[in-house]
Each structure stands twice: as structure tokens, then as C-alpha cells.
Amino acid sequence: MVMTSNELRNSFLEFFRSRQHHIVPSAPMVVKNDPTLMFTNAGMNRFKDIFLGNSPALHPRTADSQKCLRVSGKHNDLEEVGHDTYHHTMFEMLGNWSFGDYFKKEAIAWAWEYLTGVLKIDENRLYATVFEGSSDDDLEMDSEAFDIWKQYLPENRILKGSKKDNFWEMGDAGPCGPCSEIHYDSRPDAERTKTPGEQLVNNDDPQVIEIWNLVFIQYNRKASGQLEMLPARHVDTGMGFERLCRIIQGKTSNYDIDLFQTIIGEASALCGIRYGTEERTDIALRVVADHLRAISFSIADGQIPSNNKAGYVIRRLLRRAVRYACTFLGQSKPFLCRLVPVLTQTMGDAYPELKAQQTLIERVIREEELSFLHTLSTGMALLENVIAEARKENRTLVGGKTVFEMYDTFGFPLDLTELILREHGLQYDQAQYATEMEAQKNRSRAAAAVDTGDWTELSPCGNESSFVGYDRTEADVRIVRYRTVKTKDRQQYQLVLDITPFYAESGGQAGDTGCLQNAAERIAIVNTQKENNLHIHIADRLPEHIHDRFTASVDTEKRRATEANHSATHLLHFALRRILGEHVEQKGSSVNADALRFDFSHFQKMTNDELRAVERMVNRMVRADTPLDERRHTPIDEARAMGAMALFGEKYGEEVRVIRFGESVELCGGTHVKATGQIGIFKIVSESAIAAGIRRIEALTAEKAEDFAYSIEDTVRQIHELFNNSPAFVQAVKKTVEENSVLKKQLEEITRERTVEFQKKLMKQIEECNGMKVIRFNAPFPPDLIKNMAFNLRQKVERLAFIAGSLHAGKPSLTVALSDALVAEGKNASLVVREAAKEIAGGGGGQPFFATAGGKNANGLENAITKAFDLLMKA
């Protein structure tokens, strides 16, 4: 009987459990507190601190199944996803790890035993590669691995690989080492006889694929490019789970395994298109199935689609899937969200976060789909104008700059633009597009360029950095290492201390500021960040006497204000769950000395009564002055038994820190007040939506809350004075608003009457030119009245060309409307407006029959009207 994917995953973990490996759950796919990564792109990411020697290994042997995402940077496979049989964005990586314990001999032996002994894979279809050496790094061939492999494979199936294929590096800097890959040849026997598999290894053959990479991490690549030996040798192995399933289940494509076929089958049923009937719909179904997994796991880990960083990557994936579903599967309404239940059913047992977050995942995806479908609709209208303009000018080539603007400004996908243009016999200037894209990339690179130097070690204990900031805000320290960081407009220094009272930015809490000082000098610390488990103190200059001892002092005023806001988020979380329900879960937070921001799952706007109830509950807890109950190094199971809330998307160790204020119990590494009374007062200043099913509360505490109350009080007092300090203040304001409403309606009625009279006047002034009936004028009407006038006249006047200029509330605008008959002849209001609006230093657009533009130069209105008229005469 063929193993299911769940059975196969379990068999791997059990095999290594029997070899004294500690089994750990997958770390979140979305990476936090690491400036070098947005997503986990390999199983080793979570262990980077151990490889660098910055953290001890709790277990010398570990195994896991890690969810990973590769869409950008070095591991950019996105454009191949769906088009071939084995590339994915989100994938699972099975891995076994040795931290200073076993090395090449055991790693290779166990890999061979599991594949050929446990899974019974045909050993005659397996190949191994070893590092051939590199003169660039003065490294010799990995003869040790080669000799070990000779115990299992003939030499003709042990291949020497280049640095590109057989020297694993996570990035430009960091842990690295030679690797030994295991490849599998799934071709029929006749093909294998005709072409030996060794000729196809690492040559992009879809049936001769790498399944397991055994990495022997023994070096650290410095920023200078030099290699240095790590403190200890480690083993990092990664086996593509989907590829292994494909072999065991006897398939020739990863997308044919059970993990994908359940999703593809449901998608096929929903859109009525059978998988396997046409290549382009097959590609679309594969893209949808793959991207659905990546998007859903990211949302479950707390990453909502957005326009920034990791959120933008997820939004880009979602929109790519929507575009394929819309273009090739005929789905013009939300589609991906309807597939979330089958994904949860397929993978929810192995990854319970999918089940727990299913409703949120569905809602977020649905809202994103609706938004992008609207973008596609808008883009189609813009593209129709571009096509009409090209036809009018008898051009077959559309400007690359125009196509780039559609992509960059409106988010319209390039490949869809290309497809539609091709259907109309058009092409776009690819060289011009590439120039625009490269210019944008150069601007982005220049803005974000960071030159980080190598660490200068000042102490042999440079890897040790003890945080003492929970207990004190000053400490006697020395600098153990530093490096220079250069950006476009400044140079700063990053310092690591032997001990530090400075809290490093993490968990939503801002990093501490303060200073290092002694009798000779004072160095300002402008921020504290965490990288690879090191507290990094950022300064604008280095101490002159860098080997001296210093007193490290935290800015206590800012620390206390930040602590008040952080502790208040815990009380807020507790109150929200009590008032709104247990479905409320934290989805993000930001706390600093000025304010707090708290994001949480809830599916509707909070009422004023609910906000008041939450605020009152938090303030009752503040007045209770409940002391902090802090428990460090608590076993995770014991913490959960205490009722501590663990957040999805956070990475927890086997021991955690528990923060309790009365009934509020959370896992947290941040700094907090000693008792809730130190929060002073809690005041909510806003509640809003940031995504489907995600609300955001912004609030103030202590002095900032007082200042906010005083500002409201001052505003009320000033308004009160405007009403002569009337004792019936609210009634006086209400009466004024009502009177203003009546007067506004009267003014609108007068304006409408004037508009009707003006419209009758225009009917008498129609110009007949080139077979058109032209109405043009410049009048100070609001844009909405001019729009109504234009639509009324379109109904009454055949072959109408309506051109109106208006200066209303100090803003010039231009409106062009055309009858359907003129549009049918090829005239286009949007193109006319876009060109004529240059006279008022503005821009705009719309539909071929109606378009508007706003501008900045009111003096150019008459010229704009004349320009629009001339353009229509020439068209």
C-alpha cells in the first residue's frame, strides 16, 4: 500500500527519533527579529544562532519538518512555479541536524539507510554529488565524503560538483560548507539505458531531481568574502518533502501527489475545468494550488498581505494566483478563499495553526481577491484606451514606458498586458520597459543600500552577551566587538557588549536608547537591535578609547514609558477577549515611549459601547495596582498549563518567560512595569480595520494619555467659547449643525436651478463643427454638477462633444463627454482629457465617453478647453 504524505512525514521523524534526535515542531515560516530574512527559506534558518556560536544547542541532535518559502532573493523560483513539475513557493523541508555531534559518516549512512532500507527506494536510481573544490576559496575536493559514498555507490554514480551546486551558502555572509546531494532518476528503464543518469544530474531534467542535500557546515563567510572556521562542525540536511512524496507515490510530477491533488481536485470541481485536459489551465490550477498554500500558511503565521516587505511578497503571490484563476479558469469572483477548507483538511493535522486560523485566512484572502479583481477591471479599461490610441495612430508597438506605468502604478500584471496586446495584434517596446524597470530597481537599491563591514573582535569572549535589563538599567561593561555600517547618507557603528541593560527591539517593543560613558567620554546609543541572538547597540561614533570600560545607561524615562505601553497591551488583550469573545487573538503590536498599537482578530467594527467597556476594564486593572508576577525559564508545557497565551507565528523555545498581571497571563520577552498602577491611565484614541478580519487599536498611557485628555478639553473649551459659553452647549452645537444643513440644501437647490437655466442657455449656444455638436464653457460649478450636466446633455443632444472647465474651491478641473456615436467613430474622451490637462498642470482619465482631470494651474483653464476642442477636431 502506497504511503500517504502524512505517513511519510511521520516515518522520517520516527526514524531519526530512534537515533536519539529530539523532534521539534516547525518554526514559523514568517521570520521576525532577523534583518537578513523575511521568510524561512531553508530548514537551517532557525538554527543560525547555534551555527554562529551565539546560542548553545539544547539538543546535540534534532529533526523536524520545516515549512519554507522561496520567492525572492537568491532562491527565486517564482516564475517557474506551476510551469514545471517540481518548483514551489511554499514547501516542506525534512531535516536532521547535528550540532557539534556526528558529522559526514553518520549523516551519509543514515540518509542511505532511510532511503533504501526504510523506504525501499531502488538504489540503482540514486546518485550522489560531492564538492569538487574551489581555487577561489583555496578549498580542496571533499574527498572524505567521496570515500564514504564509495561504501554505498559505484564511483560512476558519485559525481563531483562545482561550488555553485555543492557548496551551500545561505547568503552573501554567514554559515556555509560543502554539501553532498542525493539525486533520484525517475525515468523509464528504456530512457535510463539510452542516456545514463549521471549526464542529467543538476541539468534541469524534470525526472532526474535532487531529493536530499547533506550540508556539512564548518565555515563562516565574512562580509569580506573570506572563510573562517566555525567554533564547531555541524550537519544540516534538507530533503524536499514534496519530491520525496512524488517518488514514494510513483508520480512524475510533485503536483500529482496527494498533498496537491486534493486542492487541484477541489479547484477543478469549483471552476468546472478538468485537470489534465489543456496545458494552460493545468498551469493555472498548479499555480492556484501552490500559491494557496504559501498565502494561507503566511497568514496563519501572522503575516497579512500589505504593500511593505513580507506583506508585499504575500500580496504579490496572491495576485499572481488571482490573475491565473481569472484569465485561464474564468473566475471573476473570489475563488482562492473557497479552497481554504480543503487545504485545512489536507494539512491541518500536521499544522494545527491552519485549523485554528481558518476563518481568518478565508476572510483575508477573500478581501484581497475582491480588491485585486477591481484592479484588474480598472487596468483593463486603461489598456483599452492604450489599444484605441495605438489603432488610431496605426501603430503596432505600444510604448514600454506606458506598460511599465500600468504595472508600477496600477499593479496590472505585465504578462496579462502582453497577452491582451498580442490578442489585438500589438506588441510593446520591451527594451524601453526593461530600461524603466532597471531605473526603478536602481532607485530602490540606492535608497536601501547598506554596506556592513566585518566584525572587529576586541575580546575572545565576543560571542557572549548577557542581557541584564530585566533587573537593572545600568551596568559596568566593555565592548567585545564592533563593525561599521554605511548607508546612502550616514555611517554608524554597531557595538556588542559583554553584558547589557539595553533591551533590543523585538516582539513589537522598541529598542532602548541611552549612552555609554566614563570619565573620558560619552557615546550616545541611538537604538538597540537584535541580530543572530546578539544585542547590537547602534552609535553614531566609536569611543576614542574603545578598550576602556564604560557605564551603560538606559534612558530610563523612555524605558518606563515604553514599559507602561507594553504592559497595557497585555491588559488590553485580556479585556478584548473578555468583552468581544475568545476568538480575539493578537496579530501584531508596536510599543514605544509615545504610544501603543495593538492588532487583533475580530470581524466587525467595535461599537462605542464596546470600546468604552474595554477601556473601563483596563483602567480598573490599572487602578488595582496588581504587581508583576514574572517567571523566567518556565517549561513551555507548564506555561500553557498556567493559561499563558502563545501567539501563532512566534517561535518559542522549550523554556519561556511568563508575564502575569492578575488574570492576564502571556508569554513575553519584553520589559514591563512592576505593578499595573505605574501605567497611570489608559486611553483608546482610535479603532480601525487594517485587513479583512483584523482590527487595530491605538492607545496612550500615563503622561501621553493626560496630554491627549488636555487637548480634548482645550478643544471643547474653545468651541464652548464660540457659543458664548452657552449652558446648553450640546444643544447649541446641534442647532447650528441643523441650521447649516438647511442652508446647504437651500444653496444646492438654488445651484440646481441655476444649472438648469445654464443648461438651457448652453442648448442655444451649440456649435456645429465637423459633424459634431459642441458645447464648451468655463463656469465655477462643482465637479459633480458638471458631471450631471454632461450626462443629461448626452441624452438630449446627438453627436455631442461636451467640454467644460471649472474653478471650484480654488481647484481647476476639466471635463469631456462624448456621445456614443462619436465614441463609435474612434473618438476618446480619456485621451483628450489626458493631453489637454497638461495646460492646467494636471492629469486624469476615465472612459472613452466621459473623462475628467484635475490640475494646479487655474490660469490655464481656457487653454485646456481650447486644446480639448482642437484635439477633437483633429481626431
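**Sheets, a helix pair and aromatic rings in a predicted model**

Strands E29 and E30 make a hairpin with two residues between them, and Asn770 in that turn has a positive phi of about 50 degrees. Strands and helices here are simply DSSP runs numbered from the N terminus, with at least two residues for a strand (E) and at least four for a helix (H or I). The model is predicted, so local features need pLDDT of at least 70 and side-chain atom pairs count only at pLDDT 80 or more, while totals for chains, interfaces and linings use all residues. Residues are numbered from 1 along each chain as its sequence is written, and side-chain values use heavy atoms, with hydrogens and water left out.

The hairpin belongs to an open sheet of six strands in the order E29-E30-E31-E32-E34-E33, with mixed pairing. Two strands count as paired if DSSP finds at least two bridges between them. At the edges sit E29 (767-769) and E33 (843-846), each pairing on one side only. Ignoring direction, neighbouring strands of this sheet are turned by 20 degrees against each other on average. Such angles run from 0 to 180 degrees between N-to-C directions, with axes being lines fitted to C-alpha atoms, for helices over the stretch in contact. E29 and E30 (residues 772-778) run antiparallel and are joined by three bridges; Glu768 stands opposite Lys773 in E30. On to the next pair: E30 and E31 run parallel, joined by six bridges, and Phe777 has Ala804 in E31 as its bridge partner.

Two helices go with this sheet. Helix H22 (residues 783-796) lies across E30, E31 (800-808), E32 (811-818) and E34 (850-854), running at about 170 degrees to E31. Helix H24 (residues 829-836) packs on the sheet as well, touching E32, E33 and E34, and its direction makes about 15 degrees with that of E34. Contact here means heavy atoms within 4.5 Å.

Another open sheet has four strands in the order E22-E23-E28-E27, and its pairing is antiparallel. Its edge strands are E22 (586-591) and E27 (682-691), each with pairing on one side only. From one strand to the next, the twist averages 15 degrees. Five bridges hold E22 to the antiparallel E23 (residues 596-601), and Gly588 stands opposite Asp599 in E23. Helix H17 (residues 556-580) packs on this sheet, touching E22, E23, E27 and E28 (694-701), with its direction at about 25 degrees to that of E23.

Now for a helix pair. The axes of H13 (residues 358-392) and H14 (residues 400-410) come within 11 Å and cross at roughly 160 degrees. That makes H13 roughly antiparallel to H14 (the label for angles over 145 degrees; under 35 is roughly parallel, 65 to 115 roughly perpendicular and the rest oblique). Thr375, Gly379, Leu382, Leu383 and Val386 of H13 make the contact with Thr402, Met406 and Phe410 of H14. These residues divide into five nonpolar, three polar and no charged. Nonpolar covers Ala, Val, Leu, Ile, Met, Phe, Trp, Tyr, Cys and Pro, charged covers Asp, Glu, Lys and Arg, and the others, Gly among them, are polar.

Finally, the rings. The count comes to 31 aromatic pairs, where rings of Phe, Tyr and Trp (its six-membered ring) pair if their centres lie within 6.5 Å, with planes under 30 degrees apart called stacked, over 60 edge-to-face and the rest tilted. Phe297 and Tyr351 have ring centres 5.3 Å apart and planes at 85 degrees, so the pair is edge-to-face. This pair links distant parts of the chain, 54 residues apart: Phe297 is in helix H9 (residues 279-300), and Tyr351 is in the loop between helix H11 (340-347) and helix H12 (353-356).
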